[in-house]
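User: I am new to reading protein models. Could you explain how the terms people use are backed up by values?

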Amino acid sequence: MLDRRALIKLGLYGGSGALLHLTRLNSGAFAWALDEDDRSEDEKEHHHKHHKHHRHGPPPPPPFMLGLPLPPVKQKVNPSTLPGVPLFNDGIPTSYYEIHERQAAVPVLPGMPSTVVWGFDGIWPGPMLEANIGERVVLRMHNDLGGTNNSIIHHHGAHVASESDGSALWSQQIYPGTFKDFVYPNDDDIAATHWYHDHDINFTGHNVFMGLEGFLLLHDPAELGLNLPGHPTNDPPPPGELPFDLPLVIQDRAFDANAQLVYNPFSSRGFLGDMFAVNGAIQPMVRVANRKYRLRILNGSNARVYHLTLRTDQGATIPFNIVGTDGGLYSTAVQTEGFTISPSERVEVVVDFSSLTPGPTTKVFLNNCLMQTDGRKPAGLVADCTNVPRTPGADGVGALMSFDILFSTPDHSSFTPDQTLRTDLPVYNPAEAMPSVPGTQPGATRDWRFERGKGGEWLVNCFNGAGAQAFDPGPTPPTPENPRVDAAVKVGTTEIWRLINGSGGWFHPVHIHRNQFRILDRIDSGSGKSLGLLPTQLGLKDVFVLEQNVTIRLITKFTNGLHATQTGKYVMHCHNVEHEDMAMMIVWECNP
Amino acid sequence: MCKFAKVTLTVVLAAATAGRAAAAGGGDKPPSPQADFQAYTARALREHFPNVVLINQDKKKVHFYDDLIKGKLVVIQFMFANCERFCPMVTPNLVKVQEELRKRAPGEVSLVSITVDPDHDTPEVLKAYAEKFHIQEGWQFLTGRKSDIDRLRRELGLYYPEDKQFEHMNMITIGKEPTGQWLSMRALNKPDVIAYTVLLLTHRQTRAVVKPDSHSHPALVAGK
């Protein structure tokens, strides 16, 4: 019988997938995914010796070889093909869509077996939904995944009635082989880059990791009137080229030796992958012109944070003009060399490649400069963001994709870094803010503390102890019991919320459903000193990055839509989806 | 010895998942991911569970994977008999969970409590502990080697070295080995919330709403 030490002596251990499968001592497909600090000394020694410089899964494909896929735009269907679907006779334009969540085997790693994904319509990422503000969307979503997994669909970013929001409530689950209809009124938002994704209770991490996410773009006349790069009618691409408005979802993924996605459901800190996909392709290249582009960047990773920069192959910086974030465009653009993007955040940028001469060697790399080897938090920026590896290692630092500047074409768009983008962003008066709680004064805040309890659980506003409760996604049929509601707000009121991270050890990207918010301040939780807003926090936000020891003060007015009302139960949760699955989540209610 | 390469055919499988579980837990040949990804995932996770030897309150030796996990729907908890902070609340809470599950899914769910204080918690101590709480059949209390137990805690994501030895007692792990569905939640959740979470993994709710002719997936049809 060969034990581990014998195999090590023979030089066989760790070098052969087959032998790894036979040995089992913490050497399975998941061993690398174990956080370093979780290992015993013996395991650490073994791991360093044998896994530091190579992966358990296959090597990543050569970088910048695969073409960037663009998710197809989903086509409308006639409601007559959807028996029982909600019909409306209120004159509001309504578009109907039907999507099937399916398991499919798709080519991801060249030369390897096809990879099983769970995708909307069987593709990863799913098809792109597009709608205009004021256009109602009815989405029929089928759970045809074929296994035993339930699913919930969340329209991330929008004002939606509770029953269509896709909060992690048991009443919203789509059981295998069934479907649910979701109604998105789109009448209380502005043009923005939203997305839709699975939000099942306890299993969002696995479901999203397997591919259940897609873009959902909203347009309005103010945005279209700007004629930004890639305007659908004014600035179309030449035949055969990609549009100049590119949605890019960045995701870290892990694969086993059979090229299958491998997820560790016990990764309570947050699951990290060691290969990097943009729109479902590992480190793709995209053929572009030396002109301006609009990029809609979504961090679709479970727990990884990125700091993105653009560098030419000569090391020169191409600045980002940040034109918008989660909830839509800014008033004016902000220019920056790089920005940090946390799970579920969207950042819209305009980049200008016009100073570059097209040619086979003219490339611009989208680099990640933020190290992260632990789901708890990133480890910091690399010292030199210019010289990062062409292929990121397990710390995530390196080039995620390349823009290959290969042709010239007229630019019919208009964008200048100092132009006014929107004049209609809501401004809320903190003096009017008051939570709907008896006895409070104007200016009072609702406070939410995000922390890890001594019992190992993720908590919001609950110290550990007898009275503390975890997230309750009730009611639990057939028990007629309501979920615990942690806050009740009233339509028409303005509130300030403080999201508090008092820990130096953890990082929580907090997402609030239903509303968009303005960030008032970003504060050191210890000293109370203002840290100033990040360049990605200047517009409408639904994701709030609680870096270590950071408190965010945010403000909103709880409004209804032009036609639709949005009341009922919603959630707020950490969008490190492993923390979310471990119920770092509360229910809040919006009352008429 | 590579315990996990051997074929074990002793596990009795629930009818609803018989075919799937056999593919996941039984044979030597890994299931094809393209043909049955859930079985493939369950098989991959199998590599994750240390098959360490534990001893239950009746002094019976069991293997963690082979005897406690494989083919089963299971609730796993770490505890210790002298625990004064959480366990006095957690154990009665899980007693209520077990009562609910015995009513709604009799015989389908097993509970596993593993001590983190094996030096003190001998099988005799654990037996007395179980009797004190009137623990019903289907719930084992286990002790074993400290290093094995710590490894189990690490592999289940419920142990960080910065924690003091006896912390992290407030979480439970719930999983269904044949389908590879695993989650962790707070042990002090309301018992009906925990029970419903477990029941969802039996697919009872699912079967209740699926019309007989609307879907032919074996997991659903077999359980009707």
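User: What makes strand β18 of chain A mostly covered?

Analyst: Good place to begin, and please keep in mind that this is a predicted model. Strand β18(A) runs over residues 346-352, and 6 of its 7 residues are buried. A residue counts as buried if 20 or more other C-beta atoms lie within 10 Å of its own. With 6 of 7 residues reaching that mark, β18(A) is called mostly covered.

User: How do you know that β13 and β18 of chain A pair?

Analyst: Two strands pair if at least two bridges are found between them. Strand β13(A), residues 292-299, has 7 bridges to β18(A), in the antiparallel sense. One place to look is A:Ile297, whose bridge partner in β18(A) is A:Val347.

User: What makes β15 of chain A a partner of β18(A)?

Analyst: The bridges again! Strand β15(A), residues 320-325, is joined to β18(A) by 3 bridges, also running antiparallel, and at least two are needed. Here A:Gly324 stands opposite A:Glu348 of β18(A).

User: Why is A:Trp170 called buried?

Analyst: Let's set the count against the cut-off. A:Trp170 has 21 other C-beta atoms within 10 Å, and a residue is buried from 20 upwards. A:Trp170 is therefore buried. You will find A:Trp170 in the loop between α4 (162-165) and β6 (179-184) of chain A. A:Trp170 and A:Asp200 are 30 residues apart in sequence, with 8.4 Å from C-alpha to C-alpha.

User: What makes β3 and β5 of chain A edge strands?

Analyst: First, the sheet: it is open, has 4 strands in the order β3-β8-β7-β5 (chain A), and its pairing is mixed. Strands β3 (129-132) and β5 (153-156) each pair on one side only, and that makes them the edge strands. On average, neighbouring strands in this sheet are turned by 20° against each other, direction ignored.

User: How do you know that β5(A) pairs with β7 of chain A?

Analyst: Between β5(A) and β7(A), residues 192-198, there are 4 bridges in the antiparallel sense, against the two required. For instance, A:His155 has A:Tyr196 in β7(A) as its bridge partner.

User: Which values describe chain B as a whole?

Analyst: Chain B has 9 helices and 7 strands. Of its 224 residues, 53% are buried.

User: What makes helix α7 of chain B mostly covered?

Analyst: Helix α7(B) spans residues 191-200, and 8 of its 10 residues are buried. Among them are B:Val193, B:Tyr196 and B:Leu200. Each buried residue has 20 or more other C-beta atoms within 10 Å, and with 8 of 10 doing so, α7(B) is described as mostly covered.

User: How do you know that the buried residues of α5 of chain B lie on the same side?

Analyst: The buried residues of α5(B), a helix covering residues 123-132, are B:Leu126, B:Tyr129 and B:Ala130. They span an arc of only 95° around the axis, so they are on the same side of α5(B). There is a general reason behind such patterns: an α-helix has 3.6 residues a turn, so residues three or four places apart point the same way. On the other side of α5(B), B:Glu124, B:Glu131 and B:Lys132 are exposed. The buried residues pack against β4 (109-115) and β5 (139-144) of chain B.

User: What happens just after α5(B)?

Analyst: There, B:His134 takes a positive phi of about 55°.

Terms used: Residues are numbered from 1 along each chain as its sequence is written. Chains are lettered from A and ligands numbered from 1 in the order in which they are written. This is a predicted model: local features need pLDDT of at least 70, side-chain atom pairs count only at pLDDT 80 or more; totals for chains, interfaces and linings use all residues. A residue is buried if 20 or more other C-beta atoms lie within 10 Å of its own, exposed if 12 or fewer, and partly exposed in between; C-beta atoms are placed from the backbone. Helices (H or I, at least four residues) and strands (E, at least two) are DSSP runs, numbered from the N terminus. Axes are lines fitted to C-alpha atoms, for helices over the stretch in contact, and angles run from 0 to 180 degrees between N-to-C directions. The arc is that of the directions from the helix axis to the C-beta atoms. Two residues are in contact if their C-beta atoms, placed from the backbone, lie within 7 Å.
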